[in-house]
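Me: Please walk me through this model, starting with the overall picture and then taking a close look at a single part of it. I would like one connected account rather than a list.

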Amino acid sequence: MDAFYSFIVMFSFLSILSWAFRWAWFKPKIVERKLREQGLNGNNYKMFVGDVGEMTKMDDKAKTRPISLGDDIVPRVIPFIHQTINSHGRNSFMWDGPMPSVNILDPELISEIFTKNYIYQKNPSSVGKLLAKGLQCYDTDKWTKHRRLLNPAFHMEKLRHMLPAFEVCCAEMLMKWKNLVPAEGSCELDVWPYLQTLTSDAISRTAFGSNYEEGKRIFELQKQLAVLIFQGSRSHSIPGIRFLPTERNRRIKALAKEAELSVMNIINNRVRAMQEGESIGEDLLGILLDSNFREIQQHGNKKYGMSFSEVIEECKLFYFAGQETTAALLVWTLVLLSKHTDWQHRARAEVFELFGNNKPDFEGLAHLKVVVMIIQEVLRLYPVAVMIRRIIHKETNLKNLTLPAETLLTVPVIMLHTDENIWGPDAKEFNPERFNGGILNATKGQLVYLPFGWGPRICIAQNFAMLEAKLVICHILQQFAFELSPSYAHAPNRVFALQPQHGAQLIFRKL
């Protein structure tokens with residue numbers, strides 16, 4: 001009997017060893033040969049780690065030194081992808097551990113990838129599932145259901161009702177600035193933390209009808225989670241590592257649990273209020289709960305709606321994405337307008353022409369042209385997502401490529417946005433005039449501008465972010481002139497969104 005058990009143990013051990021060898025060496029080497037046979041080039045595969053070690057070293061090195069505001073940010077933000085494409089050409093691949101990642105820069109291929117979202121799916125390992133398992137993580141039928149249920153919350157008519165909440169949040173921030181900036185003279189402000197607080201407050205009010213103080217702890221948790229998950233993502237190519245009881249993993253689980261309980265408490269209070277006959281509300285949570293309830297009622301089956309845990313995950317995503325993306329858009333807009341004061345003057349003239357000293361209204365915001373051109377140019381140079389990834393789960397033909405199953409596809413958005421062959425010799429310069437004739441004219445009809453993604457999975461909240469950004473920029477331009485401070489260090493830093501690593505110090509003067 002002992003010999004039998006020993007045989008079973010030895011057989012199991014050898015089976016696991018054989019599987020590990022196939023996964024970590026044999027299969028990647030076969031894939032590498034197939035990719036090279038099709039004219040793709042990249043580094044030789046390294047067992048287990050692939051290119052992850054080099055990626056991490058280059059990322060860490062890039063963060064050690066700021067750059068000039070006029071410099072190309074690509075080598076700082078995605079240094080390894082930049083080096084790979086420079087060394088191996090546009091038809092190149094990388095290794096995310098044992099998984100190959102093919103760089104895609106051809107607009108035709110990008111169009112196919114973003115259009116056929118049932119084939120080219122989200123990569124689960126590329127997002128922080130503990131941060132938010134909402135719409136961004138789902139694929140196929142589940143994604144379709146959630147997108148349908150969430151759509152009503154982001155209709156323009158619903159967003160119109162959120163404008164007063166944006167106004168309140170903006171007014172609170174500007175009051176703090178007015179108290180700091182003297183009537184005569186100037187004052188230096190690091191606007192980054194103020195903008196984070198503003199957008200946190202805005203998403204809290206518009207999503208949950210609560211104020212920033214109630215949601216403050218959730219935002220703090222989400223920020224800590226974002227940093228920890230981003231750090232951990234660089235080692236997640238090793239299977240099972242995220243399940244090991246490391247100090248970071250324990251901290252991630254604890255933060256995720258606390259965030260979930262906090263959001264659950266908000267939802268429970270809303271459901272209880274609804275059951276007691278109170279109004280469902282015009283905030284995002286109220287609209288989502290109403291949409292979900294109607295879907296279930298219409299079909300007479302709960303499977304057509306979201307479960308309670310899925311509602312929680314969508315709310316966590318509201319919190320993170322709604323705050324992170326808009327804050328990043330606003331901070332880079334202010335930084336660039338501080339350097340390019342001619343465009344600041346043009347934007348201010350448009351704002352005063354439309355609104356004078358009055359509060360910007362919904363109709364007037366829809367007629368902004370110069371401000372929108374500026375925002376579009378900011379999103380070109382400083383896209384919130386500097387790259388977008390997809391994965392295929394079966395062998396797929398993409399134009400003249402035959403890609404093996406479990407291949408990642410990486411679209412380096414920031415490189416597309418600053419390609420001189422597409423945008424001209426001033427591609428890396430701030431020039432909103434290029435959008436004077438609209439996006440289609442600026443891109444010459446090519447799919448090369450992806451600040452919110454594209455296709456069926458285009459960001460559901462893009463109108464939300466644009467409305468909030470336009471309102472805040474208008475208010476700031478009405479009340480302040482601003483320029484870069486000598487203490488400002490330009491250091492775009494990729495966490496989940498593109499952030500200023502050392503803050504954004506600007507000098508403000510009252511108008």
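Reply: The protein chain has 20 helices and 11 strands, counted as DSSP runs numbered from the N terminus, with H or I over at least four residues for a helix and E over at least two for a strand. Its radius of gyration is 24 Å, close to the 24 Å that the globule rule gives for 511 residues, so the chain is as compact as a globular protein of that length; the radius is taken over C-alpha atoms, and the rule is 2.2 Å times the number of residues to the power 0.38. This is a predicted model, where local features need pLDDT of at least 70 and side-chain atom pairs pLDDT 80 or more, while totals for chains, interfaces and linings use all residues. Numbering starts from 1 along each chain as its sequence is written, and side-chain values use heavy atoms, without hydrogens or water.

Of the 511 residues, 51% are buried, meaning under 20% relative accessible area, with exposed over 50% and partly exposed in between (1.4 Å probe, protein chains only). Among contacts (heavy atoms within 4.5 Å) with a separation of 6 or more, 74% join residues 24 or more positions apart.

Now for the close look, at helix α4. This helix covers residues 79-88, and P79, F80, I81, H82, T84 and I85 in it are buried. Their cover includes two helices that come before it in the numbering, α2 (52-62) and α3 (74-77). Strands β1 (93-96), β2 (99-103) and β7 (407-411) also take part, as does α17 (413-417). After α4 comes G89, with a positive phi near 90°.

The wider setting is worth a look too. In soluble globular proteins, nonpolar side chains tend to be buried together. Here the largest nonpolar core has 143 residues, and I104, W177, V191, L284, F464, I476 and F508 touch the most other members; such a core is a set of buried Ala, Val, Leu, Ile, Met, Phe, Trp, Tyr and Cys residues joined through side-chain atoms within 4.5 Å. Helix α13 (residues 308-339) contributes the most to this core, 16 residues. Beyond four places in sequence, I104 contacts L109, I110 and I113, together with L398, L409, T410, V411 and P412. Another core, of 8 residues, lies apart from the largest one and includes L221, L225, L228 and I229.
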